[in-house]
Amino acid sequence: MPERRIERFNLAERLGHWSHGVTFVLLLVTGLGLVFRGLSGLLSPEVLQAARNVHHAMAYPFTFLTVLILLLGTPRTTFQWLKECFTWRKEDLKFLQGFPREFFGLPVKLPEQGKFNAGEKLNSLLTVFGSVWMMATGWILLLRDRLSPEVVTWALPLHSAGALLMGAVLIGHVYLALGHPGSRESIKGMIWGTVSETFAREHHGRWYREITGQDEMERSRPRVA
């Protein structure tokens, strides 16, 4: 009998994730040719112009599309996600202490986590604040003709530094989603929306107990003196 699967992400959550991911990768790749002069020297003027056009066009969906999908398509779970990302428990700190061993596939016992473990919460916060950083500096560069030269001069290195930091975060995120054997089930959740019951129970035990009503049953159970 196939194992029971549990919905972790609804359609709007998945569309929001992938719209952000695809637009960010396109911005990162096209931005490389525009920022690094050494790489720019290897590209023809036509290719550079095409990269610039794509880079500027992707600024619009990167800024607005994901936010609109999440706020209009699934406001309740978006609020829950943000609330959980800004709520840190002692179990989250213990999780981060043991996470380096988990990252490299070494044996470690990690504390029980909610729908998002501490690593995912940290990744979410870096993505949210990093995206705001990239939007702010990116739009300054895009509207450079309307702003003072001093502001544009500061925005360029800040935009490049933000791209490098978020690129590093993306590499770690992709490794955990596709390369780490203990987390591969999570990518199925972001593609199809569901994860196996075993994965939910073992990796997100507190969330599993909440959605299956086990916490409520435990609280309503008569206590023996």
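**Notebook: helix contacts and the second largest pocket**

I began with the lining of the second largest pocket and found that its largest share, 8 residues, comes from H1. The model I was reading is predicted.

**Entry 1. The pocket.** I looked up the volume of the second largest pocket, and about 820 Å³ of space lies in it. I then listed its lining of 30 residues, of which Leu34, Val35, His55, Leu141 and His159 are the closest to the centre. I asked which helices each supply at least two residues of this lining. They are H1, H2 (37-40), H3 (45-73), H6 (118-142) and H7. By class, I noted 18 nonpolar, 9 polar and 3 charged residues in the lining of the second largest pocket.

**Entry 2. The whole chain.** I turned next to the overall layout. I recorded 11 helices and 2 strands for the protein. Reading from the N terminus, I wrote the order of elements as β-α-α-α-α-α-α-α-α-β-α-α-α. For the extent of the C-alpha trace along its principal axes, I noted a span of about 75 × 40 × 35 Å.

**Entry 3. H1 against H7.** I returned to H1, residues 11-35, and checked how its axis lies relative to that of H7, residues 149-179; the two axes come within 11 Å and cross at roughly 130°. At that angle, H1 is therefore oblique to H7. I also looked up the hand of the crossing, and H1 passes H7 in a left-handed one. Which residues meet here? On the H1 side I listed His17, Phe24, Val25, Leu28 and Val35, and on the H7 side Ser160, Ala163, Met166, Gly167, Leu170 and His173. I sorted the residues of this contact of H1 with H7 into 7 nonpolar and 4 polar, with no charged residue. I marked Val35 for a cross-reference: this H1 residue meets H7, and Val35 is also among the residues closest to the centre of the second largest pocket.

**Entry 4. H3 against H4.** I examined the axes of H3 and H4, which come within 5 Å and cross at roughly 110°. I therefore entered H3 and H4 as roughly perpendicular to each other. I found the contact to be made by Leu70, Leu71, Leu72 and Gly73 of H3 with Pro75, Thr78 and Trp81 of H4. The contact of H3 with H4 divides into 5 nonpolar and 2 polar residues, and I noted no charged ones.

**Entry 5. H4 against H6.** I followed H4, residues 75-85, to H6: their axes come within 9 Å and cross at roughly 105°. H4 and H6 are therefore roughly perpendicular to each other. I listed Trp81, Glu84 and Cys85 in H4 as meeting Lys121, Ser124, Leu125 and Val128 in H6. I counted this contact of H4 with H6 by class as 4 nonpolar, 1 polar and 2 charged residues. I closed with a note on Trp81 of H4, which takes part in the contact with H3 and also meets H6.

Conventions. Residues numbered from 1 in each chain as written. Predicted model: local features only at pLDDT ≥ 70, side-chain atom pairs only at ≥ 80, totals over all residues. Heavy atoms only, no water. Axes fitted to C-alpha atoms, helices over the stretch in contact; angles between N-to-C directions. Helix = DSSP H or I, 4+ residues; strand = E, 2+ residues; numbered from the N terminus. Parallel < 35°, antiparallel > 145°, perpendicular 65-115°, else oblique. Left-handed = near helix turned anticlockwise from the far one by under 90°. Contact = heavy atoms within 4.5 Å. Nonpolar A, V, L, I, M, F, W, Y, C, P; charged D, E, K, R; others polar. 1 Å grid on protein atoms, 1.4 Å probe; cavity = no way out; pocket = protein on both sides within 12 Å on 5 of 7 lines; lining within 4 Å. Points joined across faces, edges and corners; volume = space filled by probe spheres on them.
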